[in-house]
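Hi,

Here is the structure I said I would pass on. Have a look at it first, then read my notes underneath.

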Amino acid sequence: MPLLSSTTSDTPNQGQVLVSVEGLVKHFPVSAGFFRRHDLKVHAVDGVDLIVRRGETLGLVGESGCGKTTLGRLILRLEEPTSGRIFFDGIDITHLRRSEMKQLRRRMQIIFQDPYSSLNPRRTVGSIIGEPLTVHGIGTRAERRRKVAELMEEVGLRPEYVTRYPHEFSGGQRQRIGIARALALNPSLIIADEPVSALDVSIRSQVINLLEDLQDRHDLTYIFISHDLSVVEHIADRVAVMYLGKIVELGDKRRIYEETLHPYTEALISAVPVPDPEAKRHRIILEGDVPSPIEPPSGCRFHPRCWLRVPICKEVEPPLNDVGHQHFAACHVRAPHAETIAAYQRTAA
């Protein structure tokens with residue numbers, strides 16, 4: 001399948017696939033209310049194919065509720081998939097037992113969105129950062145203390161703060177603590193789930209620059225989840241755009257921003273502020289609300305809000321089609337898939 005192919009490179013590891021998912025689905029049963037409807041499900045992630053290459057940063061963007069955080073949690077096996085397969089460094093981890101996953105978790109970590117709620121307020125910074133080392137039985141107590149001090153220095157915190165508690169730090173410092181904790185086991189993959197959205201604007205660039213420096217230093221691979229396309233444009237190598245549980249556009253950052261294909265991506269980019277006060281950008285205002293993920297629309301899920309929709313959009317779901325240069329889009333109008341169009345025309349005739 002073209003989407004799951006990797007590129008070659010002169011660097012030994014550059015371009016090799018580290019993570020891949022095939023047909024990944026996660027449905028949450030609706031169980032709220034007095035009359036529980038077990039036949040109703042929230043389609044959080046609904047058939048995603050994706051690869052992440054070693055050493056790259058993949059930006060995963062979309063509106064709140066589109067499924068991007070759930071996708072990240074599925075890759076880490078923090079959520080169990082309804083169906084589909086997850087591969088990490090060539091290993092199918094979809095159904096690995098808990099004991100088997102524990103060994104792999106050293107190589108995959110997460111940075112949480114909220115630096116306030118993701119840290120235990122009753123534990124010192126030293127014990128928070130050193131906890132992964134303790135859980136995995138790495139090093140002696142003295143070695144763990146040295147490692148924690150090194151990690152604190154690496155993320156820009158003073159080692160003497162090791163006995164302080166999270167409430168004694170600012171938001172940006174707390175996120176640095178979360179980053180140090182994620183680095184403790186020398187992982188290959190870090191999923192950064194909206195890591196700067198809860199921070200002041202003045203602090204965001206510092207944390208982004210820190211993440212980039214750490215990536216170069218430790219040969220890290222990032223999946224960077226965000227709704228802020230200006231941040232993603234700065235840090236990502238490739239961008240995947242999600243809408244209602246599906247990836248609707250995927251490609252190199254330059255092509256996504258300069259040669260946008262999917263109307264939803266175009267609308268998102270039009271909302272990004274332009275720093276030049278003289279520059280003008282046509283803002284696209286989408287009609288209506290985001291459809292319910294419990295009962296997603298037939299055909300293209302974006303068609304109720306799309307200004308380009310044609311009859312096939314309502315009836316047939318567009319495949320994620322490669323238009324060239326590994327640029328994929330799911331749109332019958334701008335990235336038509338010849339076989340899908342021909343089959344629809346035969347049916348309609």
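Below is what I found, grouped by region.

First the ground rules: this is a predicted model, so local features need pLDDT of at least 70 and side-chain atom pairs count only at pLDDT 80 or more, while totals for chains, interfaces and linings use all residues. Residues are numbered from 1 along each chain as its sequence is written, and side-chain values use heavy atoms, with hydrogens and water left out.

**The open sheet and H1**

Helices (H or I, at least four residues) and strands (E, at least two) are DSSP runs, numbered from the N terminus. Two strands count as paired if DSSP finds at least two bridges between them. With that in hand, there is an open sheet of 4 strands in the order E2-E1-E4-E5, with antiparallel pairing. Strand E2 (41-53) and strand E5 (91-92) are at the edges with a single partner strand each, so one side of each has no neighbour in the sheet. Further in, E1 (residues 17-29) and E4 (residues 83-88) are joined antiparallel over 5 bridges, and Val 21 has Ile 86 in E4 as its bridge partner. Helix H1 packs on this sheet and touches E1, E2 and E4 (contact means heavy atoms within 4.5 Å). The direction of H1 makes about 120 degrees with that of E1; axes here are lines fitted to C-alpha atoms, for helices over the stretch in contact, and angles run from 0 to 180 degrees between N-to-C directions.

H1 covers residues 68-75, and 6 of its 8 residues are buried. Buried means under 20% relative accessible area, with exposed being over 50% and partly exposed in between (1.4 Å probe, protein chains only). One of the buried residues in H1 is Thr 70, at a relative accessible area of 16%. Leaving aside neighbours within four places in sequence, Thr 70 is in contact with Lys 26, Phe 28, Ala 44 and Val 45. Just after H1, Arg 77 has a positive phi of about 65 degrees.

**E9 and its partners**

Strand E9 (residues 238-243) is largely enclosed by the rest of the structure, because 6 of its 6 residues are buried. Arg 238, Ala 240 and Met 242 are on one side, and Val 239, Val 241 and Tyr 243 on the other. E9 pairs in the parallel sense with E3 (residues 57-61) over 4 bridges, where Val 61 is matched with Val 241. E9 also runs antiparallel to E10 (residues 246-252), joined by 6 bridges. E9 and E10 make a hairpin with 2 residues between them, and Leu 244 in the turn has a positive phi of about 50 degrees.

**E6 and H3**

In E6 (residues 108-111), Met 108 and Ile 110 point one way and Gln 109 and Ile 111 the other, and all are buried. E6 is parallel to E7 (residues 189-193), with 4 bridges; Ile 110 sits opposite Ile 191 there. Helix H3 (residues 125-135) has buried residues including Val 125, Ile 128 and Leu 133, and their cover includes helices H4 (141-154) and H5 (171-183).

**Cysteines**

There are 0 disulfides (a disulfide is a pair of cysteine sulfur atoms within 2.5 Å). For Cys 306, the nearest cysteine sulfur is that of Cys 331, 6.2 Å away. The sulfur of Cys 313 is 5.9 Å from the closest one, in Cys 300, which is too far for a bond. Cys 306 is buried at 7% relative accessible area, and Cys 313 is buried at 6%.

Cheers
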